[in-house]
Amino acid sequence: LANRAFHPEDSIIDVSGVKVGGDHLALIAGPCSVESKEQVIAIAREAKAAGANMLRGGAFKPRTSPYAFQGMGTAGLDILVAAKKETGLPIVSELMSADYIDEFNEKVDLVQIGARNMQNFDLLKEVGKRCTKPILLKRGLSATYEEWIMSAEYIMASGNPNVILCERGIRTFESYTRNTLDLQAIPVIKRLTHLPIIIDPSHAGGKWWLVEPMAKAAVAAGCDGLMIEVHNDPEHALCDGPQSLKPQKYTELLRQIKGIGEIV
Ligand code: PEP
Ligand code: MN
């Protein structure tokens, strides 16, 4: 179903009125995790002023350590809904358990399946069957293109055709950066599938100063969007502060990117 051979045109996915794919660039910004209403609304306002067209924020966080902040859960989703009311930006948030699908259908506009759940096949099937919103499927930490595309196929074969892929860096021998951004994923995914592909340079590099050059490279390589972590106080962020841009840096980045790709 994802195969380009049977669907030669690029798919354009509608996320609550924001189109992704074709000539439309998804510009998703926001904190790694929802920490408070004040935090999310402040960041959402600045992201919108910068030119972002969707707001991200994790309410359910897949943390490596069980002792790390696990996210605000349902209360976090309600904060995102409040930020959407304030700014009009559609909401992107990660779903970790099928138990919350009904709630996500009600509150979230683009449902993220994280890298660690890319091959959680039961979750993929449930999301395909029951999610009424488009899905943002992140590439697994060590997943091949074939494995990643097959995971999209699980969602599509289960009944949800609206899948956007997200490259977020893969594990390599290099340990200086958090992961290694695989820019080749853009032309490869476009050749093999008709699905939009967006790039997450924040989790790829793990360092805020790598975000700008990698975001520019991704737009130059023809990606359909960027998901970037933006935090108003990265030094005190509960999650992923070192890779988060301050709103001012994000604003500058979007200004520069407008000269590289078309922002519609
Ligand atoms: C995230 O987007 O906050 C996240 C946890 O990403 P990933 O699943 O790619 O690690
Ligand atoms: Mn994060």
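**Figure 1. Lys-138 and Cys-166 face each other across strands E7 and E8.** Lys-138 of strand E7 stands opposite Cys-166 in strand E8. This is a predicted model, in which local features need pLDDT of at least 70, side-chain atom pairs count only at pLDDT 80 or more, and totals for chains, interfaces and linings use all residues. Residues are numbered from 1 along each chain as its sequence is written, while chains are lettered from A and ligands numbered from 1 in the order in which they are written. Helices (H or I, at least four residues) and strands (E, at least two) are DSSP runs, numbered from the N terminus. E7 (residues 135–138) and E8 run parallel and are joined by four bridges; two strands pair if DSSP finds at least two bridges between them. Another partnership here links Ile-135 with Val-163 of E8. Between the two strands the chain passes through helix H5 (residues 145–157), in a right-handed β-α-β crossover. Right-handed here says that, with the strands pointing away from the viewer, the path from the first strand over the helix to the second runs clockwise.

**Figure 2. Strand E7 also pairs with E6.** Let us turn to the other partner of this view. Strand E6 (residues 110–113) runs parallel to E7, with three bridges between them, and Ile-113 has Leu-137 as its bridge partner in E7. Together with helix H4 (residues 121–130), E6 and E7 make a right-handed β-α-β unit. In E7, Ile-135 and Leu-137 point one way, Leu-136 and Lys-138 the other, and all are buried. Buried is used for a residue with 20 or more other C-beta atoms within 10 Å of its own, exposed for one with 12 or fewer, and partly exposed in between, with C-beta atoms placed from the backbone.

**Figure 3. Strand E8 is mostly covered.** Five of the five residues of E8 (residues 163–167) are buried. Val-163, Leu-165 and Glu-167 point one way, and Ile-164 and Cys-166 the other. In a regular strand the side chains alternate between the two faces of the sheet. E8 is joined by three bridges to strand E9 (residues 197–199), and these two run parallel. Here Leu-165 stands opposite Ile-197. A right-handed β-α-β unit is made by E8, helix H6 (residues 185–192) and E9.

**Figure 4. Leu-165 sits in the largest nonpolar core.** A nonpolar core is a set of buried Ala, Val, Leu, Ile, Met, Phe, Trp, Tyr and Cys residues joined through C-beta atoms within 7 Å. The largest one has 77 residues, of which Met-54, Leu-55, Leu-137, Leu-165 and Leu-226 touch the most other members. Helix H8 (residues 208–220) gives the most to this core, with six residues. Beyond its neighbours within four places in sequence, Leu-165 is in contact with Leu-137, Trp-148, Ala-152, Ile-189, Leu-195 and Ile-197; contact calls for C-beta atoms, placed from the backbone, that lie within 7 Å.

**Figure 5. Helix H8 packs through its buried residues.** Which residues of H8 are buried? They are Trp-208, Val-211, Met-214, Ala-215, Ala-218 and Val-219. These buried residues pack against H6, E9, helix H7 (201–205), E10 and helix H9 (247–257). After H8 comes Gly-222, with a positive phi near 95°.

**Figure 6. Strand E10 is covered on both faces.** Five of the five residues of E10 (residues 225–229) are buried, so this strand is largely enclosed by the rest of the structure. Gly-225, Met-227 and Glu-229 lie on one side, and Leu-226 and Ile-228 on the other. Strand E3 (residues 26–30) runs parallel to E10 and is joined to it by five bridges, with Ala-29 partnered by Ile-228.

**Figure 7. Residues gather around ligand 1.** The shell consists of Cys-32, Gly-58, Pro-62, Gly-114, Ala-115, Arg-116, Lys-138, Arg-168 and His-203. A residue is near a molecule if its C-beta atom, placed from the backbone, lies within 6 Å of it. This shell divides into three nonpolar, three polar and three charged residues. Ala, Val, Leu, Ile, Met, Phe, Trp, Tyr, Cys and Pro count as nonpolar, Asp, Glu, Lys and Arg as charged, and the others, Gly among them, as polar.

**Figure 8. Two loop residues have a positive phi.** Ser-16, in the loop between strand E1 (13–15) and strand E2 (18–20), has a positive phi of about 45° although it is not a glycine. Ser-16 is partly exposed, with 15 other C-beta atoms within 10 Å. Asp-240, found in the loop between E10 and H9, has a positive phi of about 60°. Asp-240 counts as buried, with 20 C-beta neighbours inside 10 Å.

Methods. Contact = placed C-beta atoms within 7 Å.
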